[in-house]
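Biologist: Please pick one part of this model and take me through it slowly, as you would with a colleague at the bench. I would like to follow how the pieces sit against each other.

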Amino acid sequence: MSCELMVVCAVQLGENLCLYFAELECDAFSKEKTLHRFLRNVNSQVLVVQPDLNMAAFEDVTDQEMKSGSGMNFCMHCYKTTTPSAGMPVAFSVQVEDKSYYMCCEEEHGKMIVRFREGEVPKDIPGESNIIFFKKTFTSYSSKAFKFEYSLERGMFLAFEEEDSLRKLILKKLPREDEVDETTKITLTCLNERYNL
């Protein structure tokens, strides 16, 4: 007898009150909608992507720079999933000049890092993917702030760390999911929207 976990969905109530189930494919994602947002850290700095330098960092930007949107006005692609309890599955992409880049996570020298690769986010993802993050509220009393957990490794969240006067985007391992770590706090804002964090 196998102890493998199987995800199912009730599909029909039959004769003699027999309940019939259909097996669901685990971690299947289908794009539902796309939102345009700026990602801000706890210091109200905006995430800016510079693919030519292979870097993404939170920076102070002017309103005029934000209007251009290049490298900072993200598309947050929201997906439907067969495992909704993990949080809202999302993927991020951003336009820099005339090219589109998507956020992904890759292992480099034994460490998981955030990268931006040229290309489009797929409409459907049949299984696990290194571009999916689960959007979760930062705390139960903070509905406008979020943290984003990497779908392929529980406890790994998008965060920032100080490096050479920059606040670089990283993946950070938290010992507990309910731990409040301000470096993982991200707010999503529109062009003319500001939050006092």
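Modeller: Happy to! Two strands are called paired here if DSSP finds at least two bridges between them. Strands (E, at least two residues) and helices (H or I, at least four) are DSSP runs, numbered from the N terminus. This is a predicted model, in which local features need pLDDT of at least 70 and side-chain atom pairs count only at pLDDT 80 or more, while totals for chains, interfaces and linings use all residues. Residues are numbered from 1 along each chain as its sequence is written, and side-chain values use heavy atoms, with hydrogens and water left out.

Let us start from β3, which spans residues 29-40, and follow its neighbours. β3 and β6 run antiparallel and are joined by eight bridges. If you want a landmark for this pairing, find Lys 31, whose bridge partner in β6 is Tyr 79. β6 covers residues 74-81 and has another partner to look at: β7 (residues 88-96) runs antiparallel to β6, with five bridges joining them. Here His 77 is the landmark, with Ala 91 as its bridge partner in β7. So how enclosed is β6 by the rest of the structure? Because seven of its eight residues are buried, β6 is largely enclosed. (Buried is under 20% relative accessible area, exposed is over 50%, and partly exposed is in between, with a 1.4 Å probe and protein chains only.)

Just ahead of β6 you will find Met 72, in the loop that connects it to α1 (63-68). Met 72 counts as buried because its relative accessibility is 5%. Now bring Phe 38 into view: 34 residues separate Phe 38 from Met 72 in sequence, yet their C-alpha atoms are 6.2 Å apart in space.

Back on β3, look at the pairing with β15, which is antiparallel and has three bridges. Arg 40 of β3 stands opposite Thr 187 in this pairing. β15 (residues 186-189) sends Ile 186 and Leu 188 one way and Thr 187 and Thr 189 the other, and all of them are buried. That pattern is a familiar one: in a regular strand, the side chains alternate between the two faces of the sheet. β12 (residues 142-150) also runs antiparallel to β15, joined to it by two bridges. Thr 187 turns up again in this pairing, as the bridge partner of Ala 145.

If you follow the chain from β3 towards β4, you reach Ser 44 in the loop between them. Ser 44 is not a glycine, but its phi is positive, at about 65 degrees. Most residues other than glycine have a negative phi. Ser 44 counts as partly exposed because its relative accessible area is 26%.

A hairpin further along gives another example. β13 (residues 156-163) and β14 (residues 166-173) pair in the antiparallel sense over eight bridges, and Phe 160 stands opposite Leu 169 in β14. The hairpin has two residues between its strands, and Asp 164 takes a positive phi near 50 degrees there. Asp 164 is exposed, because its relative accessibility is 67%.

The same hairpin is a good place to look at charged pairs. The structure holds six salt bridges, each defined as a side-chain nitrogen of Lys or Arg within 4 Å of a carboxyl oxygen of Asp or Glu. One of them joins Glu 163 to Lys 168, with the closest N and O atoms 2.9 Å apart. Glu 163 is partly exposed at 31% relative accessibility, and Lys 168 is partly exposed at 23%. Lys 172 pairs with Asp 181, and their closest N and O atoms are 2.7 Å apart. In that pair Lys 172 is partly exposed at 27%, whereas Asp 181 is buried, with a relative accessible area of 11%.
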